[in-house]
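Visitor: I would like to go through this structure with you. Could we begin with the terms we need?

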Amino acid sequence: MKRKSYFSFLIGRLLIGIVIGAVIFALFKSYLHLSYDDSLEKGQDFIFEKYEELIKKYDEGELDETFIDIFCNLYTADYIRFAKVNEDGSFDTVFETDYNSVPLEKNTREWICLTDDEELLAKGKSTVTINDDWTIYYKTCDETGSLNYNDRNRNYYVGNSWSAAEFSNFGRGQALFVACIISSGALQYRIPVIETYYEDQNTFHIGKAHLEDYDYRRYSSDQSWDFTDPSKADLYSTNIYNENTDFGDMYRLFLRCDRPDAFFGQNGDIFLANSMSDLEKFERETDGRIRKQYGEIFSARAGMRNNGYYTMGRLAVIEINGQKYLVESVSTTLDYKDYFKPVFLIAGIVLLVFSIGIPCLTAVRPYSQYKKAYENNRFKNSLIDSLAHNLKTPLQILGGYAENLKDVSDASEKDRYADRILAKTQEMNADIESILKTADKTSLRLSKTSIRKCLEEVASKAGAGIDIKGDAEYMTERDYFNTALFCLVDNAVKYGNKDAKIEAAITSKSITIRNKTTAGKFTPGTGIAIAGRIFEQHKLKLTTDLKDGVFEARITKK
């Protein structure tokens with residue numbers, strides 16, 4: 001039987017495991033891709049409904065343009081436009097995203113609009129009742145332009161991705177998707193937080209500020225700023241801030257992304273239209289991008305993937321209280337591959353571990369069975385060789401005894417030959433029984449055993465004198481282990497010099513047995529083969545050598 005390595009049992013299983021792991025990863029990736037895109041679309045629909053509610057409140061006189069701006073920051077988008085549709089079809093803009101105005105949240109119902117718009121600054125503040133009173137203070141601020149933090153747009157887009165997926169209520173029954181959304185997006189959304197500040201009439205001065213990662217909790221990042229004016233340090237006040245308080249206890253600054261001009265450049269035939277006639281022309285010339293919904297006079301969608309970002313836009317013309325309004329919004333989110341990068345990394349590592357680990361585990365048993373069969377076969381061949389050598393001489397002797405038995409007539413002489421035949425037969429039977437016992441042994445019950453005591457017992461049984469140096473405890477099945485030691489000691493007695501003592505040296509790593517012998521050369525017999533097999537089953541290795549009339553058997557740990 002040719003010797004095989006563990007790797008030969010592993011390679012096929014490993015290839016299958018890797019293929020299965022790759023297929024599972026591809027299916028998982030496809031699942032997240034489809035689910036993510038669907039959630040973004042449904043999230044955009046949900047946010048769009050909020051925009052329609054804003055237009056309705058505006059039409060009924062409950063909101064002005066500034067409050068719409070605040071709401072649009074709560075429901076994130078990169079660009080929003082609301083416009084009245086005049087009787088001639090032209091658009092009269094009610095609200096359009098102002099990239100020079102930055103909302104600062106004092107608490108849920110109080111906001112500071114940081115702007116350079118003189119008209120707004122002249123208002124001082126305005127209040128509107130939406131369930132409770134909402135108040136906006138209009139102030140200017142010179143420090144906001146210096147709050148440039150690393151990867152600003154990317155973090156904002158993660159926020160858009162998170163909001164769209166969260167607001168969609170998509171996949172609430174899909175625990176896997178929800179877990180992936182939370183672990184991928186929420187931990188990356190960062191917002192500047194104002195720690196200290198002071199207000200000077202219509203000017204807001206930032207003192208200390210830092211970034212925070214947002215995932216329903218607060219985590220301070222390494223990036224921070226300090227604009228404190230030393231000459232006015234005593235004017236600065238500190239927000240009530242600790243990680244256990246509500247968001248209402250600190251100032252959060254919403255920084256807008258840049259205007260999505262690349263998207264408008266690609267979709268200028270529909271977005272930023274000047275009149276209904278532009279949209280009607282688009283509707284006539286385009287097929288597949290128009291999808292009217294209930295209550296909408298006109299509706300269209302567009303998307304653009306570019307450099308790891310996915311920009312989605314939606315436009316609709318709706319009618320409220322007899323007045324037509326245009327509503328359009330554009331949101332840039334991360335592409336699914338970039339958004340779920342940490343999830344894909346973890347999933348890839350887990351699948352790789354299982355793809356390699358499971359095949360490695362499943363290959364252990366067949367390799368162990370093969371190894372056992374191989375060792376048994378090797379042991380069998382070794383025994384055949386030693387039996388062929390060792391039984392040949394006893395059989396020849398038995399044949400000689402049998403021949404002599406036929407030729408003698410004296411009763412006492414016949415008894416002598418019969419006794420010799422019986423003794424030799426018993427010796428051969430003992431060898432065969434030892435062989436069968438060793439071949440049948442498949443498991444061991446191990447315990448700590450003193451090797452010195454074992455050798456003393458074996459030497460006494462063999463009637464041999466033995467000089468033992470040292471002692472150590474080995475894990476053995478004592479009686480079975482003694483069988484192997486007896487084979488060595490008995491071999492030393494049979495082939496040793498008369499009256500010469502057997503020498504044994506014991507350490508924690510090896511057992512050495514030596515004896516002077518008259519044998520001219522060493523030919524391993526069945527006893528040595530049996531001993532070697534037993535030691536091998538104990539994870540030990542037997543080596544033998546005959547040099548300068550000294551026979552040495554050495555047992556070492558593998």
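Guide: Certainly. A residue is called buried when its relative accessible area is under 20%, exposed when over 50%, and partly exposed in between. Please note that this is a predicted model.

Visitor: Which side chains of β20 point to one face and are buried?

Guide: Those of I502, A504 and I506. E503 and A505 point to the other face and are not buried. In a regular strand the side chains alternate between the two faces of the sheet.

Visitor: What does β20 pair with, and in which sense?

Guide: β20 pairs with β18 in the parallel sense, over four bridges. With β21 the pairing is antiparallel, also over four bridges. β20 and β21 form a hairpin, with three residues between them.

Visitor: Which residues stand opposite each other there?

Guide: On the β18 side, I466 stands opposite I502, and the bridge partner of I468 is A504. On the β21 side, E503 stands opposite R514. I502 and A504 are thus named again here, and both are among the buried side chains of β20.

Visitor: What is the strand order in the whole sheet?

Guide: The order is β18-β20-β21-β23-β22, an open sheet of five strands with mixed pairing. β18 and β22 are the edge strands, each pairing on one side only. From one strand to the next, the twist averages 15 degrees.

Visitor: Which helices lie across these strands?

Guide: α13 lies across β20, β21, β22 and β23, and runs at about 20 degrees to β21. α14 lies across β22 and β23, at about 145 degrees to β22.

Visitor: How many residues are in the largest nonpolar core, and which have the most contacts inside it?

Guide: The core has 34 residues, and those with the most contacts inside it are L455, L485, L488, F535, L542 and I555. The elements giving two or more residues to this core include α12, α13, α14 and the strands β18, β20, β21, β22 and β23. The largest share, eight residues, comes from α13.

Visitor: Take I555. What is it in contact with, beyond its neighbours within four places in sequence?

Guide: I555 is in contact with L485, L488, K509, S510, I511, F535, L540, K541 and L542.

Visitor: What other core lies apart from the largest one?

Guide: Another core, of 30 residues, lies apart from it; I70, I80, W111 and Y138 are among its members.

Visitor: Changing topic: how many aromatic pairs are there?

Guide: There are 21 aromatic pairs in the structure. One of them joins F481 and F535: the ring centres are 5.4 Å apart and the planes stand at 70 degrees, so the pair is edge-to-face.

Visitor: Why does that pair tie together parts that are apart in sequence?

Guide: Because F481 lies in helix α13 and F535 in helix α14, the pair ties together parts that are 54 residues apart in sequence.

Visitor: Are F481 and F535 buried or exposed?

Guide: Both F481 and F535 are buried.

Visitor: Which residues form an aromatic cluster?

Guide: F25, F28, Y36, F177, Y336, Y339, F340 and F344 form one.

Visitor: And which charged side chains sit over rings?

Guide: Two examples can be given. R314 lies over the face of F48, 4.3 Å from the ring centre. The charged end of K557 sits over the ring of Y474, at 4.7 Å from its centre.

Key. Residues are numbered from 1 along each chain as its sequence is written. This is a predicted model: local features need pLDDT of at least 70, side-chain atom pairs count only at pLDDT 80 or more; totals for chains, interfaces and linings use all residues. Side-chain values use heavy atoms; hydrogens and water are left out. A nonpolar core is a set of buried Ala, Val, Leu, Ile, Met, Phe, Trp, Tyr and Cys residues joined through side-chain atoms within 4.5 Å. Buried means under 20% relative accessible area, exposed over 50%, partly exposed in between (1.4 Å probe, protein chains only). Contact means heavy atoms within 4.5 Å. Rings of Phe, Tyr and Trp (its six-membered ring) pair if their centres lie within 6.5 Å; planes under 30 degrees apart count as stacked, over 60 as edge-to-face and the rest as tilted. A charge sits over a ring if NZ of Lys or CZ of Arg is within 6 Å of the ring centre and within 35 degrees of the ring normal. Two strands pair if DSSP finds at least two bridges between them. Axes are lines fitted to C-alpha atoms, for helices over the stretch in contact, and angles run from 0 to 180 degrees between N-to-C directions.
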